[in-house]
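Reader: I've just opened this one and I'm not sure where to start. Could you walk me through how to read it?

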Amino acid sequence: MPDATLNPAPAPGERRRWTALFLAWLVALAASLGALFIGEVMGQAPCSLCWYQRIFMFPLAVLLGIACYRGDTGIGRYALPLAAIGWLLAVWHALLFHGLVAEAVQPCSAAGPACDGAGMLLAGLVPLPLLSLAAFSLLLLLLSLAARGERQP
């Protein structure tokens, strides 16, 4: 009979934090793969704001994957700022898409893809800025849950 003291079962709170971290990794991975699919397979060039959001999403997929493997629920200290900045960019993009931002402050140039309009719809139905906002919002929630109860060094 194995000795339970050598390899104790994780506490329920620790299990919940790891599950939240794992779900956050799945969200970041799905968002990153989705962005690559839309750009590389569907051939839709990303606008400036999409690029900026990718800058904050892609590293999260890698960092959160490593944190899951290592069981490091303290990754929130590093991942939450990335997700928060990505969320702010996604909010700005959603406001721009819905016409709530004045044209004078739009970051997309006439030379590249527009940040709003039909080019920002997936399958002609779902606005990409709202998908990004949903992904970053879910990441913030899950990373907050993963960080809850974490002991500070």
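**Reading the fold and its core**

Author: Let's begin with the order of elements: from the N terminus on, the chain runs α-α-α-β-β-α. That's four helices and two strands, and keep in mind that the model is predicted.

Reader: How much of the chain is buried?

Author: Of the 153 residues, 36% are buried. In soluble globular proteins, nonpolar side chains tend to be buried together. Here, the largest nonpolar core has 32 residues, and those touching the most other members are Leu21, Ala28, Leu60, Leu64, Phe136, Leu139 and Leu143.

Reader: Which elements give two or more residues to this core?

Author: They are α1 (12–41), α2 (48–70), α3 (76–97) and α4 (128–147). The largest share, nine residues, comes from α2.

Reader: Okay, so how do I read a pair of helices, say α2 and α4?

Author: Look at the axes. Those of α2 and α4 come within 12 Å and cross at roughly 40°. An angle from 35 up to 65 degrees counts as oblique, so α2 is oblique to α4. The crossing is left-handed.

Reader: Which residues of α2 and α4 meet there?

Author: From α2 you have Gln53, Phe56, Met57, Leu60 and Leu64, and they meet Ser132, Ala135, Phe136, Leu139 and Leu143 of α4. By class, that contact has eight nonpolar, two polar and no charged residues.

Reader: What does Phe136 touch, leaving aside its neighbours within four places in sequence?

Author: Phe136 is in contact with Gln53, Phe56, Met57, Leu60, Leu82, Ala83, Gly86, Trp87 and Ala90.

Definitions and conventions
Residues are numbered from 1 along each chain as its sequence is written. This is a predicted model: local features need pLDDT of at least 70, side-chain atom pairs count only at pLDDT 80 or more; totals for chains, interfaces and linings use all residues. Side-chain values use heavy atoms; hydrogens and water are left out. A nonpolar core is a set of buried Ala, Val, Leu, Ile, Met, Phe, Trp, Tyr and Cys residues joined through side-chain atoms within 4.5 Å. Buried means under 20% relative accessible area, exposed over 50%, partly exposed in between (1.4 Å probe, protein chains only). Contact means heavy atoms within 4.5 Å. Axes are lines fitted to C-alpha atoms, for helices over the stretch in contact, and angles run from 0 to 180 degrees between N-to-C directions. Angles under 35 degrees count as roughly parallel, over 145 as roughly antiparallel, 65 to 115 as roughly perpendicular and the rest as oblique. A crossing is left-handed if the near helix is turned anticlockwise from the far one by less than a right angle, and right-handed if clockwise. Ala, Val, Leu, Ile, Met, Phe, Trp, Tyr, Cys and Pro count as nonpolar, Asp, Glu, Lys and Arg as charged, and the others, Gly among them, as polar.
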